[in-house]
Amino acid sequence: MYGSAKGRTFAGIELIAWLLVLVVTIFNCGLGPLVAVPVATYYIQNAAYHQGVLS
């Protein structure tokens, strides 16, 4: 996955998504991950598919 041509772009998207999850968690007193983690996971999987990292 990370050896593909768009692997660095995908890794950057992952990093940004998880940083946003961290921010949501901090601002919601630890309750944010109940919604933020599933949404981020879906977004990352969707981004991987559209970047061509996954077949």
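A residue counts as buried when its relative accessible area is under 20%, as exposed when that area is over 50%, and as partly exposed in between. Keep those words handy for the tour. One more thing before you start clicking: this is a predicted model.

**The whole chain**

Start with everything on screen. The protein has 2 helices and 0 strands, so a cartoon view should do nicely. Its C-alpha atoms fill a box of roughly 40 × 15 × 10 Å along the principal axes. Of the 55 residues, 24% count as buried. If you show contacts, look at those with a separation of 6 or more: 48% of them are made by residues 24 or more positions apart.

**Stop one: α1**

Select residues 7-27, which make up α1. Put a distance between the C-alpha atoms at its two ends and you should get 30 Å; at 1.5 Å a residue, 30 Å is also the span its 21 residues should have, so the two agree.

Which residues of α1 are buried? Colour G7, F10, I13, E14, A17 and V21 to see them. Now look down the helix: these residues cover an arc of only 120° around the axis, which puts them on the same side of α1. An α-helix has 3.6 residues a turn, so residues three or four places apart point the same way. Part of what covers the buried residues of α1 is α2.

Turn to the other side of α1, where R8, L15, I16, L20, I26 and F27 are exposed. Click L20 in this helix: its relative accessible area is 53%, which makes L20 exposed. Then pick T9, also found in α1. T9 has 43% relative accessibility and therefore counts as partly exposed. The C-alpha atoms of L20 and T9 are 17 Å apart, with their positions 11 residues apart along the chain. While T9 is selected, add P38: this pair is 29 residues apart in sequence, and the C-alpha atoms are 21 Å apart in space.

**Stop two: the loop**

Follow the chain past the end of α1 and select C29, in the loop between α1 and α2. Is C29 buried or exposed? With 75% relative accessibility, C29 counts as exposed. Check its backbone too: phi of C29 is near 55°, a positive value in a residue other than glycine.

**Stop three: α2**

Next, select 33-51, which is α2. Going by 1.5 Å a residue, the 19 residues of α2 should span 27 Å; the end C-alpha atoms are 25 Å apart, which agrees.

Here the buried residues are A36, A40, I44, A47 and A48. Seen down the axis of α2, they fall within an arc of 100°, so they line one face of the helix. What do the buried residues of α2 pack against? Show α1 again, as that is their partner.

Swing round to the other side of α2 and you'll find L34, V35, V39, Y42, Y49 and H50 exposed.

**Stop four: the core**

Now select F10, A17, I44, A48 and V53 together, the 5 residues of the largest nonpolar core. The elements that each give two or more residues to this core are α1 and α2.

**Stop five: the largest pocket**

Switch on a surface and look for the largest pocket, which holds about 150 Å³ of space. Its lining is made up of I13, I16, A17, L20, V21, V24, A36, V39, A40 and Y43. Both α1 and α2 give two or more residues to that lining. Which element gives the largest share? That would be α1, with 6 residues.

Some names here should ring a bell. A17 belongs to the largest nonpolar core and also lines the pocket. L20, exposed on α1, is in the pocket lining too.

**Last stop: after α2**

Move on to G52, which follows α2 and has a positive phi, near 85°. Then select L54, in the segment after α2. Its relative accessible area is 39%, so L54 is partly exposed. To finish, add A5 to your selection: L54 and A5 are 49 residues apart along the chain, and their C-alpha atoms are separated by 12 Å.

How values were computed. Residues are numbered from 1 along each chain as its sequence is written. This is a predicted model: local features need pLDDT of at least 70, side-chain atom pairs count only at pLDDT 80 or more; totals for chains, interfaces and linings use all residues. Side-chain values use heavy atoms; hydrogens and water are left out. A nonpolar core is a set of buried Ala, Val, Leu, Ile, Met, Phe, Trp, Tyr and Cys residues joined through side-chain atoms within 4.5 Å. Buried means under 20% relative accessible area, exposed over 50%, partly exposed in between (1.4 Å probe, protein chains only). Helices (H or I, at least four residues) and strands (E, at least two) are DSSP runs, numbered from the N terminus. The expected span of a helix is 1.5 Å times one less than its number of residues. The arc is that of the directions from the helix axis to the C-beta atoms. Contact means heavy atoms within 4.5 Å. On a 1 Å grid over the protein atoms alone, a cavity is a set of points where a 1.4 Å probe fits but cannot get out, and a pocket is an open set with protein on both sides within 12 Å along at least five of seven lines; lining residues have an atom within 4 Å of a point. Grid points are joined across faces, edges and corners, and a volume is the space filled by probe spheres set on the points.
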